[in-house]
Amino acid sequence: MEYIGLHTQQVRNNLKSLLLLLFFPLILMALAYSIILLLSYYESGKTPYMWELSYQMSLRAAPWIVGIVAVWFCLAYFTNTAMVRHATGARPLSRKENPRVYNIVENLTMACGMNMPKVNVISSPELNAFASGVDDRSYTVTLTTGICETLNDDELAGVVGHELTHIRNRDTRLLIISIIFVGIISIILQLSIEALVRSPYFSLPSRKEEKNNGGIIIVMAFLLAVIVASSVAYFLTSLTRFAISRKREYMADAGGAELCGNPLALASALKKISNKPGLGNVGREDIAQLYICRPRSLKSGFASFFNSLFSTHPSIESRIAYLEQF
């Protein structure tokens, strides 16, 4: 694999973050335009006026869309640490509670000259770990109690080094931005489907109701338009996972091996983790992007197959083979 320096990777990830920030509002405005276009087609038919009307309405809606997304994004961006902690059930780990783990993290941060991140722990016998956060105040390394108890010092140092490399490369910031954007579209899509399914008028109206069903049909047409357009938008925003190169995991593995000074120890840790990967009970495919190993419970079903197509994680086997080459 081509060698890429730390500064180069940071610049690349910062550029990708900026592109995502610019790309997502365009996707939302295209979503709004598609919905307006579909409704205009329903109201007036396929006429030149339909295109002009949709364009003008989209321009009027653009400032509102950008404003709402900006507020939503800022709230999610600055509360992402609490969001991830709440979703996974993580809690802070103090030096007094587990000096072994705390000292491993502290020693590795001193070795690479970075600020000490927060250390969280999840009470689970299964094995997994992840890094999160967008700046020095929120950077966090989270470990399960199972991984702390199962791995020896060298193996745990390799895992912690892997997560610290994600933080140093700005991978976590890029992933958090991706999670927020895909989540916004996902919420719009889920709420639209639920509103349509729960509607008392989901079934076809009787003949007696046909005279008064104009408003009902408009509402259902609107919901269907939102579902169709947001499904396409969800697919496109999911493609942003490809903007997050799978090489980032290989690079984090290489960084972790370098920090702990033992590539085979990290390879051994990955083997153990792959036999019992945890945190699948969280049930959040977006947060699973952060994990060092994707839980098995997220590897079945059509939805999981679709998500795996856009996974940012290469296979554990290929990562182990890569480390064994050192």
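Helices and strands here are DSSP runs, numbered from the N terminus; a helix needs at least four residues and a strand at least two. The model is a predicted one. This briefing starts at alanine 267, which sits in helix H11, residues 263-275. It then turns to an open sheet of four strands. Last come two helix pairs, H6 with H10 and H10 with H14.

**Alanine 267**

- Alanine 267 belongs to helix H11.
- Is alanine 267 buried or exposed? Its relative accessible area is 3%. Buried means under 20%, so alanine 267 counts as buried.
- Look past the neighbours within four places in sequence, and alanine 267 is in contact with Ile320, Leu323 and Glu324.
- Alanine 257 lies 10 residues away along the chain, and 8.8 Å separates the two C-alpha atoms.

**The sheet**

- The sheet is open, and its four strands run in the order E1-E2-E4-E3. The pairing is mixed.
- Which strands form the edges? They are E1 (91-92) and E3 (129-132), and each of them pairs on one side only.
- E2 (residues 118-122) pairs with E4 (residues 140-144) in the parallel sense, over five bridges.
- Two residue pairs show where E2 and E4 line up. Valine 121 stands opposite leucine 143 of E4. Lysine 118 has threonine 140 of E4 as its bridge partner.
- E3 and E4 pair in the antiparallel sense, over four bridges. Here alanine 131 has valine 141 of E4 as its bridge partner.

**Strand E4**

- Five of the five residues of E4 are buried, so the strand is largely enclosed by the rest of the structure.
- The side chains of E4 split two ways. Thr140, Thr142 and Thr144 point one way. Val141 and Leu143 point the other way.

**Helix H6 with helix H10**

- Two packed helices are described by the angle between their axes and the distance between the axes.
- For H6 (residues 153-168) and H10 (residues 247-260), the axes come within 7 Å. They cross at roughly 130°.
- Why is H6 called oblique to H10? The crossing angle is roughly 130°. Oblique covers angles outside the roughly parallel, perpendicular and antiparallel ranges, and the last of these starts over 145 degrees, so H6 is oblique to H10.
- H6 passes H10 in a right-handed crossing.
- On the H6 side, the contact includes Asp154, Ala157, Gly158 and Gly161. On the H10 side, it includes Arg248, Glu249, Met251 and Ala252.
- The residues of this contact divide into six nonpolar, seven polar and four charged.

**Helix H10 with helix H14**

- H10 also meets H14 (residues 316-324), and these axes come within 10 Å. The crossing angle is roughly 40°.
- Roughly parallel would need an angle under 35 degrees, so H10 is oblique to H14.
- This crossing is right-handed.
- H10 brings Glu249, Tyr250, Asp253, Ala254 and Ala257 to the contact. H14 brings Ser318, Arg319, Tyr322 and Leu323.
- By class, the contact of H10 with H14 has five nonpolar, one polar and three charged residues.
- Two names link back to the start. Ala257 of H10 and Leu323 of H14 take part in this contact. Alanine 267 is in contact with Leu323, and its C-alpha atom is 8.8 Å from that of alanine 257.

Definitions and conventions: Residues are numbered from 1 along each chain as its sequence is written. This is a predicted model: local features need pLDDT of at least 70, side-chain atom pairs count only at pLDDT 80 or more; totals for chains, interfaces and linings use all residues. Side-chain values use heavy atoms; hydrogens and water are left out. Buried means under 20% relative accessible area, exposed over 50%, partly exposed in between (1.4 Å probe, protein chains only). Contact means heavy atoms within 4.5 Å. Two strands pair if DSSP finds at least two bridges between them. Axes are lines fitted to C-alpha atoms, for helices over the stretch in contact, and angles run from 0 to 180 degrees between N-to-C directions. Angles under 35 degrees count as roughly parallel, over 145 as roughly antiparallel, 65 to 115 as roughly perpendicular and the rest as oblique. A crossing is left-handed if the near helix is turned anticlockwise from the far one by less than a right angle, and right-handed if clockwise. Ala, Val, Leu, Ile, Met, Phe, Trp, Tyr, Cys and Pro count as nonpolar, Asp, Glu, Lys and Arg as charged, and the others, Gly among them, as polar.
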